[in-house]
Amino acid sequence: MENKKIGNAGEDLACRYLEKRGYKILERNKHYSRFCEIDIIAEYKNTLVFVEVKTRTTNDFGTPFEAITKSKYENIKKGIQFYLQEHKFQKYRIDVIGITLKPELKIEHLKNV
């Protein structure tokens, strides 16, 4: 499966995971530049939640969380600032969801990174 399809499948799984836990999905794949894309923007208990999703077929070449570099994190924070200028929210946080597809489906959710 190509990387884009794997990523899209992971984001779909992450959305379903979040919705089952009471999150309201507001937007997906919000772009602010070619360097900044926010995978999922959701609301949970009056808090805006920006979610980065990393999906791996297996952990043979590293875990999903290992794919989040310092520069990727900084780009996400820049995108959040743009979003907050457009939408007035007092409370927000950044979450990361790591998904591994094989040998069995595993979804890990780190909150407030």
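**Strand pairing and burial in a predicted 113-residue chain**

A hairpin of five intervening residues connects strand S1 to strand S2. Helices (H or I, at least four residues) and strands (E, at least two) are DSSP runs, numbered from the N terminus. The structure is a predicted model, in which local features need pLDDT of at least 70 and side-chain atom pairs count only at pLDDT 80 or more, whereas totals for chains, interfaces and linings use all residues. Residues are numbered from 1 along each chain as its sequence is written, and side-chain values use heavy atoms, with hydrogens and water left out.

Two helices and five strands make up the regular elements of the chain. Read from the N terminus, these elements follow the order α-β-β-β-α-β-β. The radius of gyration is 14 Å, close to the 13 Å that the globule rule gives for 113 residues, so the chain is as compact as a globular protein of that length. Here the radius of gyration is taken over C-alpha atoms, and the globule rule is 2.2 Å times the number of residues to the power 0.38. Along the principal axes, the C-alpha atoms occupy a box of roughly 40 × 30 × 20 Å.

Burial and contacts were also computed for the chain as a whole. Of its 113 residues, 37% count as buried; buried means under 20% relative accessible area, exposed over 50%, and partly exposed in between (1.4 Å probe, protein chains only). The accessible surface comes to about 7,100 Å², and carbon and sulfur atoms contribute 48% of this area. Accessible areas come from the Shrake-Rupley method with a 1.4 Å probe, and for residues only the protein chains shown count as cover. A contact requires heavy atoms within 4.5 Å. Among contacts between residues at least 6 apart in sequence, 52% join residues at least 24 apart.

The charges of the chain comprise 22 positive and 16 negative ones, and the mean positions of the two sets are 3 Å apart. Lys and Arg count as positive and Asp and Glu as negative, while His and the chain ends are not counted. The place of a charge is taken as NZ of Lys, CZ of Arg, CG of Asp or CD of Glu.

The pairing of the strands can be followed along the chain. Two strands pair if DSSP finds at least two bridges between them. Strand S1 (residues 24-31) and strand S2 (residues 37-44) are antiparallel and share six bridges; His31 has Glu37 of S2 as its bridge partner. Strands S2 and S3 are likewise paired in the antiparallel sense, over five bridges, and Glu43 stands opposite Leu48 in S3. In a regular strand, the side chains alternate between the two faces of the sheet.

The hairpin formed by S2 and S3 has two residues between the strands. Lys45, in the loop between S2 and S3, has a phi near 50°, a positive value in a residue other than glycine. Lys45 is exposed, with a relative accessible area of 63%. Asn46 is found in the loop between S2 and S3 and has a positive phi near 65°. The relative accessible area of Asn46 is 60%, which places this residue in the exposed class.

Strand S3 (residues 47-56) runs parallel to S4, and nine bridges join the two. Within this pairing, Arg56 is matched with Thr100 of S4. Strand S4 (residues 92-100) is mostly covered, with eight of its nine residues buried. Strand S4 also pairs with S5 in the antiparallel sense over five bridges, and Gly98 has Glu108 of S5 as its bridge partner. Strands S4 and S5 form a hairpin with five residues between them. Pro103 lies in the loop between S4 and strand S5 (106-110). The peptide bond joining Lys102 and Pro103 is cis, with omega at about 10°.

Helix H2 (residues 70-86) contains Tyr83. This tyrosine, Tyr83, is buried, with a relative accessible area of 3%. When residues up to four places away in sequence are not counted, Tyr83 touches Glu27, Lys30, Tyr32, Ile41, Leu48 and Phe50. One of these residues, Leu48, is the residue of S3 that stands opposite Glu43. By comparison, Tyr83 and Ala9 are 74 residues apart in sequence and 25 Å apart in space, C-alpha to C-alpha.
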